[in-house]
Amino acid sequence: MNLSRTSRTLLRAALAAGLAVIYVPLAVVLLNSFNSDRTFSWPPAGLTLRWWGAAWDSAGLREALWTSVQAGLGATAIALVLGTMAAFAVQRYRFFGRETVSLVIVLPIALPGIVTGIALSNTFHTVLGLPLGLLTVIVGHATFCVVTVYNNVLARLRRMGLNLEEASADLGADTFTTFRLVTFPMMRSALLAGGLLAFALSFDEIIVTTFTAGAGVRTLPIWIFENLFRPNQAPVVNVVAAALILLSVIPIYLAQRLSGGDPQTH
């Protein structure tokens, strides 16, 4: 489709405006993490690494970071197992209610977080009688992390087809050997991409965490929210936000690169 010069100019302007709305505030956060003024005067009167040092020395921050890492790893592990199994079942087998199963798996990520949080909290308390803690946070995060793994693995299975697996079976390989030597290597990058996205989703989740964490369990997003309006902690919170912006680029970039790979080349 050929666009006129005016249309191309308008599209570029719209793209630039959209990117500016997203990334200019993020750039301000990054710059303010080095702002020497505690009240974040603008433009900055000077630059300093003082707040980064204060963030590094915060015991509460380090504890919250470790809790988030534990929750993210646990939720990612569950999501990799359940999401992969579900993707194989939906893609490789035909059974009654297959489309319904697919919808049920994807639905949690579309539901408002507060609805999921309330439902999980009631289930843990009323039905299962479980005390809220790190375990319930991991289970809560896994409910929506499964979706990212499921979607990545399902897309890869659709692209792979069955030719190579059928050839492996024709050559005498059993099901496990075929999976280990043929199927898994071709879907390895999709699993890694889904795992990275699942960890990123879990790491910055706050709504579901609020309903499932219980007393004494504080993830990094909850720590940020609790300290956001404390004047003495504002510079440290700004540093944490800046660090998360920088660190978030890594899993998203890797997941994008891996999920776009050709399965026949792995």
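1. A bit of vocabulary before we start: a crossing is called left-handed if the near helix is turned anticlockwise from the far one by less than a right angle, and right-handed if clockwise. By that rule, H3 passes H8 in a right-handed crossing. The helix names come from DSSP runs numbered from the N terminus, where helices are H or I runs of at least four residues and strands are E runs of at least two.

2. Some ground rules. This is a predicted model, in which local features need pLDDT of at least 70 and side-chain atom pairs count only at pLDDT 80 or more, while totals for chains, interfaces and linings use all residues. Residues are numbered from 1 along each chain as its sequence is written, and side-chain values use heavy atoms, with hydrogens and water left out.

3. Now the overall picture. The chain has 11 helices and zero strands, so-called α elements running α-α-α-α-α-α-α-α-α-α-α from the N terminus. Measure out a box along the principal axes and the C-alpha atoms fill roughly 70 × 65 × 30 Å. Of the 266 residues, 35% are buried (buried is under 20% relative accessible area, exposed is over 50%, and partly exposed lies in between, with a 1.4 Å probe and protein chains only).

4. On surface and contacts: the chain exposes about 15600 Å², with carbon and sulfur atoms supplying 68% of it. Those areas come from the Shrake-Rupley method with a 1.4 Å probe, and for residues only the protein chains shown count as cover. Contact here means heavy atoms within 4.5 Å. Among contacts with a separation of 6 or more, 71% are between residues 24 or more positions apart.

5. Back to H3 and H8. Their axes come within 9 Å and cross at roughly 140 degrees (axes are lines fitted to C-alpha atoms, for helices over the stretch in contact, and angles run from 0 to 180 degrees between N-to-C directions). H3 and H8 are therefore oblique to each other; angles under 35 degrees count as roughly parallel, over 145 as roughly antiparallel, 65 to 115 as roughly perpendicular and the rest as oblique. On the H3 side the contact includes Leu-65, Ala-71, Ala-75 and Phe-88, and on the H8 side it includes Phe-179, Met-187, Ser-202 and Phe-203. By class this contact has 13 nonpolar, seven polar and no charged residues. For the classes, Ala, Val, Leu, Ile, Met, Phe, Trp, Tyr, Cys and Pro count as nonpolar, Asp, Glu, Lys and Arg as charged, and the others, Gly among them, as polar.

6. H3 (residues 59-92) also meets H6, with axes that come within 5 Å and cross at roughly 40 degrees. That makes H3 and H6 oblique to each other, and their crossing is right-handed. The contact of H3 with H6 has 22 nonpolar, seven polar and two charged residues.

7. What about H6 and H8? Helix H6 (residues 134-160) and helix H8 (residues 175-203) pack at about 155 degrees, with their axes 8 Å apart, and are therefore roughly antiparallel. This crossing is right-handed as well. The residues of the contact divide into 13 nonpolar, eight polar and one charged.

8. Two residues of H6 deserve a look. His-141 sits in this helix and is buried, with a relative accessible area of 1%. Not counting residues up to four places away in sequence, His-141 touches Ala-71, Ala-75, Ser-202, Glu-205 and Thr-209. Leu-157, another H6 residue, is buried too, at 1% relative accessible area. Leaving aside neighbours within four places, Leu-157 is in contact with Ala-87, Phe-88, Gln-91 and Arg-92.

9. Glu-165 belongs to helix H7 (residues 163-170). Is this glutamate buried or exposed? At 12% relative accessibility, Glu-165 counts as buried. Beyond its neighbours within four places in sequence, Glu-165 is in contact with Arg-92, Met-160, Thr-178, Val-182 and Thr-183. Glu-165 and Arg-188 are 23 residues apart in sequence and 15 Å apart in space, C-alpha to C-alpha.

10. Finally, H10 (residues 220-227): six of its eight residues are buried, so this helix is largely enclosed by the rest of the structure. The buried residues are Leu-220, Pro-221, Ile-222, Trp-223, Ile-224 and Asn-227.
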